[in-house]
Amino acid sequence: MENVIVVILLVLIVGGAVAYLIRAKKRGVKCVGCPAGGNCPSAGRLPVKKLDGPVIGKKTLKISGMHCDHCVLAVTMVLNRIDGVRAEVNLSRGKAVVSFDREIPDSVLTDTVEKAGYHVISIS
């Protein structure tokens, strides 16, 4: 009897989750579970940030935790707030390429991304 109750509860939970996903996709949500409801209004192209001086180097950050365009926007915005940094974030590769016109410690980049709620796996 206990097994039957557990199975019924699991069926209800899974059925509810599937129904939610189907309704969300019918509404046109691009990313179910996105903090912006899957329809980030500002998920378009950001203007490219201009650096004050010439680019003296680039670093590639491998980032986990990005799932949608809203995540890309958030990471791009926090990295671009750092003076001397211009970031280009790629969701499908889970990477951010950071160009800089002055020396930027890896710890500054890591702390900035992690304060936004994502995890830096590596910097190269």
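This passage describes the sheet, the helices packed on it, the salt bridges and two loop residues of a predicted model.

The sheet makes a convenient starting point. Its four strands are arranged in the order β2-β3-β1-β4, forming an open sheet with antiparallel pairing. At the edges sit β2 and β4 (119-123), each of which pairs on one side only. On average, neighbouring strands of this sheet are turned by 30° against each other, direction ignored. Within the sheet, β1 (residues 57-64) is joined to β3 by six bridges in the antiparallel sense. In this part of the sheet, Thr-60 is found opposite Val-97 of β3.

Two helices can be placed relative to these strands. Helix α2, spanning residues 69-80, lies across β1, β2 and β3, and runs at about 165° to β2. Helix α3 also packs on the sheet, where it touches β1, β2, β3 and β4. The direction of α3 makes about 155° with that of β4.

Turning to charged side chains, a search of the whole structure returns three salt bridges. One of them is formed by Asp-52 and Arg-102, with an N to O distance of 3.6 Å. Asp-52 belongs to the loop between α1 (2-26) and β1, while Arg-102 belongs to the loop between β3 and α3, so this pair ties together parts that are 50 residues apart in sequence. As for their surroundings, Asp-52 is exposed, with a relative accessible area of 74%, whereas Arg-102 is partly exposed at 33%.

Another salt bridge is found between Lys-59 and Asp-106, whose closest N and O atoms are 2.6 Å apart. This pair, too, links distant parts of the chain: Lys-59 is in strand β1 and Asp-106 in helix α3, 47 residues apart. Lys-59 has a relative accessible area of 14% and is therefore buried, since the limit for burial is under 20%. Asp-106, with 35% relative accessibility, counts as partly exposed.

A further salt bridge brings together the side chains of Asp-101 and Arg-102 at 3.0 Å, N to O. Through shared partners, the salt bridges join Asp-52, Asp-101 and Arg-102 into one network.

Asp-101 deserves a second look. This residue is located in the loop between β3 (95-100) and α3 (106-115), and its relative accessibility of 13% places it among buried residues. Besides the salt bridge to Arg-102, the side chain of Asp-101 reaches the backbone nitrogen of Gly-53 at 3.0 Å. When residues up to four places away in sequence are not counted, Asp-101 touches Leu-51, Asp-52, Gly-53, Pro-54, Ile-56 and Gly-84. The contact list of Asp-101 thus includes Asp-52, a fellow member of the salt-bridge network.

Leu-91 offers a view of another loop, the one between β2 (85-90) and β3. With a relative accessibility of 30%, Leu-91 counts as partly exposed. Leaving out residues up to four places away in sequence, the contacts of Leu-91 are Met-66, His-67, Cys-68, Asp-69 and Val-72. Among these, Asp-69 and Val-72 fall in helix α2 (residues 69-80). Between Leu-91 and Ser-64, the C-alpha to C-alpha distance is 9.7 Å, at a separation of 27 residues in sequence.

Key
Residues numbered from 1 in each chain as written. Predicted model: local features only at pLDDT ≥ 70, side-chain atom pairs only at ≥ 80, totals over all residues. Heavy atoms only, no water. Buried < 20%, exposed > 50% of the residue type's maximum accessible area, 1.4 Å probe, protein only. Polar contact = N/O pair within 3.5 Å; in protein donor to acceptor, adjacent residues only side chain to side chain. Contact = heavy atoms within 4.5 Å. Pairing = 2+ DSSP bridges. Axes fitted to C-alpha atoms, helices over the stretch in contact; angles between N-to-C directions. Salt bridge = Lys/Arg side-chain N within 4 Å of Asp/Glu carboxyl O.
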